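Let's take a walk through this model, starting at the ligand and working outwards. Have the viewer open as you read.

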Amino acid sequence: MESVECLIVGAGVIGLAVARALALAGREVVVVETESGIGSGVSSRNSEVIHAGIYYPTGLAKTRLCVDGKAMLYAFAREFGVPHKRCGKLLVAVNEGEVGKLVALKAQAEANGVTDLVWLSASQARALEPALNAERALLSPSTGIIDAHAFMTALSGDAEAHGAMIAFETPVLAGRVAERGLTIETGGLAPMRVFASHVVNAAGLGAQALARSIAGMPADRIPPLHLAKGNYFSLSGRSPFSRLIYPMPTPGGLGVHLTLDLAGEARFGPDVEWVDAIDYDVDPGRAASFAAAIRAYWPDLPEGALKPGYAGIRPKIARPGGSTTDFLIETEKDHGVNGLINLFGIESPGLTASLAIADWVARSL
Ligand SMILES: Cc1cc2nc3c(=O)[nH]c(=O)nc-3n(C[C@H](O)[C@H](O)[C@H](O)COP(=O)(O)OP(=O)(O)OC[C@H]3O[C@@H](n4cnc5c(N)ncnc54)[C@H](O)[C@@H]3O)c2cc1C
């Protein structure tokens with residue numbers, strides 16, 4: 001049987017960031033991935049926003065990992081030439097009734113260490129973004145956008161430069177707790193059994209299934225998986241905004257907001273649609289509810305300008321209507337399995353937090 005010191009399951013942004021951190025620390029690292037390339041799961045179906053860390057309740061690991069991860073991500077992107085832009089975002093109260101929510105968000109942000117939010121009056125907001133309808137707004141200067149795929153390419157390149165290997169088309173089928181590690185069975189073109197001293201389960205939407213397939217992993221430490229689909233619509237024509245525009249958050253998501261890609265194209269979403277199975281089709285019929293939400297902050301949205309875009313699925317561990325949950329990163333002291341780290345519920349802001357999560361995992365091995 002082959003053996004390896006650290007086996008990472010999943011070549012999304014989290015698995016790749018963890019692989020790089022461990023390789024930099026001098027560990028022997030192999031990443032196994034079901035698909036034929038990096039980042040074909042949740043990591044390629046998101047908004048590519050570098051989040052400031054405004055919304056999350058203080059005290060959650062998610063909050064600290066987002067704020068720390070943001071600084072690490074900007075530094076990484078500069079060092080490795082990953083396309084990104086600190087474009088800033090506006091949080092918008094469209095009527096007097098929403099201003100109180102903005103006040104609460106500013107207080108939450110400050111408690112989280114995000115102290116750079118700037119109050120804007122209606123006219124100041126319109127001076128920055130003339131198409132905007134706003135009663136008041138908050139400018140978040142440290143919010144930005146990044147090319148997520150280029151980021152993952154840089155992560156995998158640096159991990160490989162430090163000795164990590166990535167095996168594609170290599171799904172993990174099962175595992176077993178062994179003495180001082182785990183035995184893992186993979187399928188695909190070249191099935192194998194491998195002993196790993198450490199296994200990091202970074203399988204995204206497959207994390208619960210993977211944990212369940214490991215004999216000896218206590219079932220009561222595996223959280224449920226709830227699928228919250230996020231649909232996007234793209235805007236035909238030029239974007240009237242040069243910053244990201246966010247209305248007030250809604251249960252399960254951040255409201256139908258406008259984000260930009262690095263080419264300046266605008267897209268709206270993601271909304272929140274609870275689903276029972278993974279499917280990435282965007283129902284064109286949702287355009288009407290998108291248009292209604294968007295016109296609250298952009299009244300001049302032209303008729304027929306929204307085109308179905310893409311969708312992503314949030315790997316939620318709380319059921320619909322549940323409160324905000326933390327990233328659930330479980331080590332031996334949580335589940336009793338020597339050498340295993342499970343990462344569950346890595347929804348937004350997982351891209352922003354990825355480098356900080358990776359450092360945390362590398363330190364706890
Ligand atoms: C709609 C949406 C919008 C988002 N927007 C943002 C944003 O703007 N900013 C931000 O910071 N975050 C955002 N996020 C969150 C971010 O995208 C995720 O937190 C992050 O991509 C999770 O990465 P991951 O590596 O855990 O998962 P994934 O990218 O899904 O990677 C997991 C990998 O594991 C593989 N795998 C699964 N099972 C197995 C197995 N048994 N064997 C081998 N391989 C396996 C899969 O094929 C996959 O490639 C968003 C998420 C969603 C859904």
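What follows covers the ligand site, then one helix and two individual residues.

First, some housekeeping: this is a predicted model, so local features need pLDDT of at least 70 and side-chain atom pairs count only at pLDDT 80 or more, while totals for chains, interfaces and linings use all residues. Residues are numbered from 1 along each chain as its sequence is written, and side-chain values use heavy atoms, with hydrogens and water left out.

Now the ligand. There are 35 residues around it, where being near takes a heavy atom within 4 Å. Glu 33, Val 42, Ser 43, Ile 346 and Thr 352 come nearest. By class, that shell has 16 nonpolar, 13 polar and six charged residues; here Ala, Val, Leu, Ile, Met, Phe, Trp, Tyr, Cys and Pro count as nonpolar, Asp, Glu, Lys and Arg as charged, and the others, including Gly, as polar. Helix H1 (13-24), strand E19 (306-316) and helix H9 (350-364) each give the shell at least two residues, and H9 has the largest share, with three. Helices (H or I, at least four residues) and strands (E, at least two) are DSSP runs numbered from the N terminus.

Several backbone atoms make polar contacts with the ligand (N or O pairs within 3.5 Å; within protein, one atom must be able to donate a hydrogen and the other to accept it, and residues adjacent in sequence count only if both atoms are side-chain atoms). A backbone N or O of Val 42 sits 2.8 Å from a ligand oxygen, and one of Val 172 is 2.9 Å from a ligand nitrogen. The protein buries 94% of the 1000 Å² that the ligand exposes when taken alone, by Shrake-Rupley with a 1.4 Å probe.

Back in H9, look at Ser 354. Its relative accessible area is 0%, so Ser 354 is buried (under 20%; exposed is over 50%, partly exposed in between; 1.4 Å probe, protein chains only). A polar side-chain atom of Ser 354 lies 2.8 Å from the backbone oxygen of Leu 351. Beyond four places in sequence, Ser 354 touches Val 13, Ile 14, Ala 17 and Phe 151, contact being heavy atoms within 4.5 Å.

Glu 330, in strand E20 (residues 328-330), counts as buried because its relative accessibility is 3%. The Glu 330 side chain makes a 3.4 Å polar contact with that of Arg 221.

Finally, try helix H2 (residues 61-80): its 20 residues should span 28 Å at 1.5 Å a residue, and the end C-alpha atoms are 27 Å apart, which agrees. The expected span is 1.5 Å times one less than the number of residues. After H2 comes Gly 81, with a positive phi near 65°.
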